Amino acid sequence: MSQTLPESAKLACYYQFGIWHFRIAQGHQLHATVTDCLFRTTETLTGSVRQYTAALTDLLCKETGLSAETLDIEIRYAITTLVAMGFIPEATPAGSATAETLATLDVFTDIMQSSYVNFFKSQDGLETTILAKIGQTLYPLHLHLLHFNQHPIDSHPNIMNAYQFYPLHTAYTCMYYDELQHVLNCPSRR
């Protein structure tokens, strides 16, 4: 399901792509040590991630003299970033994620369910279909956490404003985030 990006997101995507393309054009390519193993091998990707990968590969092949290995590293990094930043909203874990990534996403789903049960004192928890829909919606965010966890972006949101306008949602989200911190081994940012 493709959705229209807001102008600010389009602008951010253009800047991201411009910096990435300029870096490559200047001969500053990524090395295999920079990549992560969140996505399956390029040849086994499916769906929209495969289509974007093919389009970027065609574009870079025409404009650079990168080796096949370096080209693959650059494309995978770009695609992972684009999905993690929400620029490919139709991307699905089933179409791209490795078994390890899917297992981690399952842990995130389990945390979401247990947080819901504990927070709302619910015996039943969330229905499976609702949990799956939430997981799909949060896929870019979860991928963002996994992808950028090596180089965390220090952001301090104003939680007091969130509590003022959305107290129940904020309390539940903070509980969920605290549980995620243990899984990701990241320091508290609140």
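On the outward side of helix H2, opposite its buried residues, Gln51 and Lys62 are exposed (over 50% relative accessible area, with buried meaning under 20% and partly exposed in between, using a 1.4 Å probe and protein chains only). This is a predicted model, in which local features need pLDDT of at least 70, side-chain atom pairs count only at pLDDT 80 or more, and totals for chains, interfaces and linings use all residues. Residues are numbered from 1 along each chain as its sequence is written, and side-chain values use heavy atoms, leaving out hydrogens and water. Helices here are DSSP runs (H or I, at least four residues), numbered from the N terminus.**Helix H2**
- The buried residues of H2 are Ser48, Val49, Thr53, Leu56 and Leu60.
- Seen down the axis of H2, these buried residues fall within an arc of 135 degrees (taken from the directions from the helix axis to the C-beta atoms), so they line one face of the helix.
- Helix H1 (7-25), H3 and H4 are among the elements that cover the buried residues of H2, where contact means heavy atoms within 4.5 Å.
- The 17 residues of H2 should span 24 Å at 1.5 Å a residue (1.5 Å times one less than the number of residues), and its end C-alpha atoms, 25 Å apart, agree with that.

**Cysteine 61**
- Cysteine 61 lies in H2, which runs over residues 47-63.
- With a relative accessibility of 45%, cysteine 61 counts as partly exposed.
- Ten residues along the chain from cysteine 61 is leucine 71, and the C-alpha atoms of the two are separated by 8.0 Å.

**Helix H6**
- H6 has 21 residues and reaches 28 Å from its first C-alpha to its last, close to the expected 30 Å.
- At leucine 138, H6 bends by about 55 degrees (the angle between axes fitted to the seven residues ending there and the seven starting there), and proline 140 follows within four residues.
- Proline 140 is also one of the buried residues of H6, which include Leu131, Gly135, Tyr139 and His142.
- Cover for the buried residues of H6 includes helix H3 (68-84), helix H4 (93-96), H5 and H8.

**Helix H8**
- The 18 residues of H8 (residues 167-184) should span 26 Å at 1.5 Å a residue, which agrees with the 25 Å between its end C-alpha atoms.
- Buried in H8 are Thr170, Tyr172, Cys174, Tyr176, Leu180, Gln181 and Leu184.
- Helix H5 (99-120), helix H6 (128-148) and helix H7 (159-165) are among what covers those residues.
- Just after H8, asparagine 185 takes a positive phi of about 55 degrees.

Methods: Helices (H or I, at least four residues) and strands (E, at least two) are DSSP runs, numbered from the N terminus.
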